Every structure is written in structure tokens, then in C-alpha cells.
Amino acid sequence: MPERIYNFSPGPSVLPYSVLQQAARDIVNFNNKGIGLIELSHRSKEFMGVAQEAEALIRENLKVPSNYKVLFLQGGASSQFFMVPMNLLQNGMKATYLNTGTWSDKAIKEARLFGEIDVPFSSKEEKFNRVPKDDEYTVGPDSEYLYFVSNNTIYGTQFQSFPTADALLVSDMSSDIFSRSVDVSRFGIIFAGAQKNMGPAGVTVVIIREDLLDRAPENLPTMLRYKTHADKDSMFNTPPCFSIYCVGLVMKWLKELGGVEAIEKINNEKAALVYEAIDSTDFYRGHAEIASRSKMNISFNLPTPELEAKFIADAGAQGLDGLKGHRSIGGCRASIYNAFPREGVDRLVAFMQEFARANG
Ligand SMILES: *Cc1c(COP(=O)(O)O)cnc(C)c1O
């Protein structure tokens, strides 16, 4: 194995090395069939097998009930910001959104094009440093669904448990899907772009309860209807073949590792190490309130922007890459998704301690 750096990028992000190696071989010669994976027709027996296996592994890893469809769509998670309200809201209908960061803010803007959107909670004034507790908002009885972002990639906050409100839940899980167990049966729709915890950019996985497929208004374009893709097993048009294939490999890797329960335990341990490093000195300040802390993205500040720049540069020189925070809040961010190795976390923690000693 060649020297690999530790990649803390928020997305696209680190993938298991074994997956990269397998993909590199299959791109050139898929299963020794003398044809490259990305040359295969999406209607071929070979590729249909790839897509079916990816779907089956997603279902197995997340324990998706049989009355849900798993779709492979394009347009990124951002396209779900409009597809969700376009498919679930008709004229005059209402929905409730929790505003916990940039991604929910954008989703709210899109949803307002299609319905009356209630936002009973926003942490915008506090730079999105927390998510709400259950008793901080209510969902009106005439609300079609409650929308929330389970992990706020930029701010490093995460719902520690899912809302208990008596409402149909819709969640953007782009940056924490498959990082912890989820009772899918409580959700109407779960969606996630692949490029954080599942594979390369290009595919968005949508898990949708079957009865919701028939809610779309008559005048919705074919490609924007969930039902179109559900009826054709995501093969209505050419799907993002390579991304789907990689998601399948990542799902297989996850399953062999022990599945979501096993990775959840590892993720808890990894995140605890970084938060300990933050809390053990006044030099570092976590962005998120403690009760809202994310296990996937850890956003933190140093005493000055100059020290933050030096921290990022010095870390980079040691092979700890991608620690720059998002431009909207600055500072530093360590994204430690499923595939981020534990040794990389140990290296970061040692670097943080040493840097605080030398510059504190
Ligand atoms: C990255 C991200 C998005 C945007 O995903 P695209 O695939 O780039 O559209 C949306 N929501 C969350 C939570 C994200 O982390």
C-alpha cells in the first residue's frame, strides 16, 4: 500500500482503501469479463446485478422495511430539497421544517416554492450551534411532514435522537446515513447524497415509503416524480452506474465489518477522542453545544484566525489533510466519517495536544 494521507474532507471524503482498489480493477476489467465496469450497458445482466446487490445491501445494513423503495437518483441531495415538497405537497398544503444549518435553510427556501412552510425552530441567530430538543417546537396537525437534517455537516451538530413528534418524518441524512442505527419505519423519506458516507459523488439514495409515491400532483414532470423511478427500479433513464457500483462495495465493506451497530460503536469512540482533546484545554473551543455534538463532523476554533491557519498548514504538512472549516463559520473541522480510520484520529489528537503545547 502506498503512503496515504489522512483525509478529513467533509465531502467528497475518505473511502475504504479496499473499495478503491477493487474499483480500480473493475473499471478496467469487471469480474474478468474483458470489459470495464463503466463501459457496461445499464441494462446488461452484469450491471443489473450490481445495482440489485447494492440495493439489497442498503436494505440489509439499514434494516429497510419491505414497504419502502430504495431509489438511486441524480442531481445531488440538493435536488431533494425541491423533489420532496413537489411530490408531497399539493396546492395550499403545509409542512414543518427545523432550521439547523445551511442545508435546512436551503431546503426551506425551495419548499416555500411549493407550500406553506412553518419553521418553529431555528438556531440561525446562534450560528447554528445546536439542534432543538423535542419540547422546543410543535408540529401543527395540518402539517404534511416534519423535515430535519439529521447531521449538520458544516456546524458539526447532530440530532442525538430523532424527533418524537407525531408527524411523518422526512430527513436529509447526507452526512450520517449508515453511521448509526435508524428505525426506518418512523420515516416517510430518508435521502442522502453518496459522497459523505457511501461512495463517490453522483448518486443520491432515496428511501421512501411506498404509499407516498402516489401523492404527487398531476402536472409534475416525469423525471421529478419518485414513482417514475420506483416503478422502473431506478432504471427509467441511465442511472449513475459507477457511483451505484461503489456504494455497493462500501455497503459490502460495512456489512463485513459488522454492519451499522459495529460502525456506530467505532464512531462513538473516534468522536469521543477528538472531543476529549478539545475539552482538555482552553486552547480549543468546540462550535456545537455539547448536547448537540456530531459524531461525524467536529467543528472547532482556536484562539485566533492566525493560529487556525497555522494549525491547518502544520497539520497538512504532517499528512492530516482537509481540516479547514467551512467558509461560513471559519475555524477548523475534522470530518471523521465511517471510512475514516481510527489511527488517523489518534494522529490528529496527538497533533492537537502538541500544537496546543507549542502555541498556547
Ligand atoms: C453535502 C450535503 C448536501 C448537499 O449535497 P449535494 O449532493 O452536493 O447536493 C445536503 N445536505 C447535507 C446534510 C450535506 O451534508
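The following exercises concern helix H3, strand S9 and a buried loop residue.

The model is predicted, with local features requiring pLDDT of at least 70 and side-chain atom pairs counting only at pLDDT 80 or more, while totals for chains, interfaces and linings use all residues. Residues are numbered from 1 along each chain as its sequence is written, and side-chain values use heavy atoms, without hydrogens and water.

**Exercise 1.** Determine how the span of H3 agrees with expectation, and where H3 bends.

*Solution.* Helices (H or I, at least four residues) and strands (E, at least two) are DSSP runs, numbered from the N terminus. Helix H3 covers residues 76-88 and has 13 residues. From first C-alpha to last it reaches 19 Å, close to the 18 Å expected at 1.5 Å a residue (1.5 Å times one less than the number of residues). A bend of about 30 degrees occurs at phenylalanine 82, with proline 85 following within four residues; the bend is the angle between axes fitted to the seven residues ending there and the seven starting there.

**Exercise 2.** State which strands pair with S9, and in which sense.

*Solution.* Two strands pair if DSSP finds at least two bridges between them. Strand S8 (residues 169-172) pairs with S9 in the parallel sense over 4 bridges. Aspartate 172 has phenylalanine 191 in S9 as its bridge partner. Strand S10 (residues 204-209) pairs with S9 in the antiparallel sense over 5 bridges.

**Exercise 3.** Is phenylalanine 128 buried or exposed?

*Solution.* Buried means under 20% relative accessible area, exposed over 50%, and partly exposed in between (1.4 Å probe, protein chains only). Phenylalanine 128 has 5% relative accessibility and therefore counts as buried.
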